[in-house]
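Please walk me through this structure, taking one strand together with its neighbours and then an enclosed space elsewhere in the chain.

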Amino acid sequence: MQNGTRLAAVDLGSNSFRLEIGRYDHGQFVRSEYLKETVRQGGGLDADRNLTPEAMQRGWDCLARFGERIAGFQPEEVRAVATQTLREARNRDAFLLTATAVLGFPIDVISGREEARLIYQGVAHALPQSDEKRLVIDIGGRSTELILGQGFTPRVMESYRVGSIAWSTRYFPDGKFTARAFETAEIAAQAVLDEVLSVYPQDAWSTAYGSAGTVGAVVDVLVAAGWPAGRITREGLDWLMDRLLKAQSADRLRMDGMRDDRRAIIGGGLSILRALFDLFDLDEMEQATGGLRHGLINDLMERALDQTDLRSASIDRLATKFAVDAQQATRVGKVATELFSQLPVHGVEQSERSERKLEWAAQLHEIGLRISHSEYHKHGAYILEHADAMGFALTEMHRLGQLVLGHRGKLRKLELQFDDLGFVRQLLALRLAVILCHARRDPDTKGLDLSVCPDQHDCFVLSCRPGWVESFPQSAHLLREEVEAWSKTPWTLQLNER
């Protein structure tokens, strides 16, 4: 990555949307701008777990403003992710369709564990380098992430469905603060988080750090009242709850350091924080300045090179775990990328990034054989749809799974994907490579050219050198069957046998 490269991270949180902008400078990220808007999408889920029209509009309006600010950035310079609210929302696809359009960049819905990993990366890179064993806690609007790690390496990552908005809505529905409500909310939080003592034993970490929203809000209030900066103590939490009980309601709460947008959800956040202090028997917690968006920036810098892209390591682990035939996977990947590179780059599609993802699909296209040879492509797609792969968003794993599902057999099962030109080109290159490598040896691809049909945007042509068809009759037969398979889709494949 060149010095001066612009970078931007967009965090679609359950409470706030955030935009971090800066530049790459000699291996470091230097912030130039930070925008935050309280959208509170986490409070906009109805009883059927659908985002209300009002919640969607608030999100779209905010993202349109963010989109104006980062217009002109390159696709590889921006990473936008959504967290628990959109993990839950049943109508998230409808929201994301417009959200992506107004922002101008793809938005990835990430898993809870991937969110935890990114949070830890953000925290670790903001702390002095050391071998300190850390427990990192991030209480968000609808989920809480807990991570054990050392240095830059997260060891244990989990996400729990307990958050400040969800708990405030459930246990402080009218914004009323009572001792009974706090007791009930804390017991409920402990019930969800009860397993932490076995997963995060106290001898596995030496310092507890709190990141982001709730922790930041509590620290701001405590510091304004004269408590030490950058730290939360059990005494401080008791003092804060006493102040809330005296105020009796969020509407009547007036405290220095308490932002207006936090008053309505402080009850839920405080009850979860107190529950965690009790479960871990904490006396104090250090505030961490890094968080999810900083982890996104770090990921952007590492993704610039394949050797530092965490996703490549995740693909290698999956291939090893499911005993993939490495030689065949490499063979198919080489042919697929050769064919794909012959097609022109379309729009904002980045050829190098698309080829890398195509190589990953080729590396894992036979992953389902570990389960059964029969319909192994379906087993492989299922594995990828449900695997926890560090560095990947849920949407990325879905796309990878669709490529694996579609690498053989009928194409009708992928009908919803045929309006995506980038996906179609990757799929075509992968299917052709699998055919050409059917004998599980290096194929003769000299003189094979894949191109777009002249004046036809929905048509491809594979041209063969003279004599190739006669030399490889089985491959030619399979390619003719492939032409027939594509004829049943909105796309056309032609075979020029010369």
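**A buried strand and a small cavity**

Strand β12 (residues 449-452) runs antiparallel to β13, and the two are paired over 4 bridges. In this predicted model, Ser 451 has Val 461 of β13 as its bridge partner. The two strands make up a hairpin in which 6 residues lie between them, and Asp 455 in the turn has a positive phi of about 65°.

β13 also pairs with strand β14 (residues 492-496), here in the parallel sense and over 5 bridges. Within this pairing, Leu 462 stands opposite Leu 495 of β14.

How are the side chains of β13 arranged, given that they point two ways? Cys 459, Val 461 and Ser 463 point one way, whereas Phe 460 and Leu 462 point the other way, and all of them are buried. In a regular strand, side chains alternate between the two faces of the sheet. Because 5 of the 5 residues of β13 (residues 459-463) are buried, that is, under 20% relative accessible area, this strand is largely enclosed by the rest of the structure.

The enclosed spaces are a separate topic. There are 2 cavities of 30 Å³ or more, and the second largest holds about 30 Å³ of space. The lining of this second largest cavity consists of Leu 222, Trp 227, Pro 228, Arg 231, Ile 232 and Thr 233, which divide into 4 nonpolar residues, 1 polar and 1 charged. Strand β10 (residues 231-233) gives the most to this lining, contributing 3 residues.

Technical notes
Residues numbered from 1 in each chain as written. Predicted model: local features only at pLDDT ≥ 70, side-chain atom pairs only at ≥ 80, totals over all residues. Heavy atoms only, no water. 1 Å grid on protein atoms, 1.4 Å probe; cavity = no way out; pocket = protein on both sides within 12 Å on 5 of 7 lines; lining within 4 Å. Points joined across faces, edges and corners; volume = space filled by probe spheres on them. Nonpolar A, V, L, I, M, F, W, Y, C, P; charged D, E, K, R; others polar. Buried < 20%, exposed > 50% of the residue type's maximum accessible area, 1.4 Å probe, protein only. Pairing = 2+ DSSP bridges.
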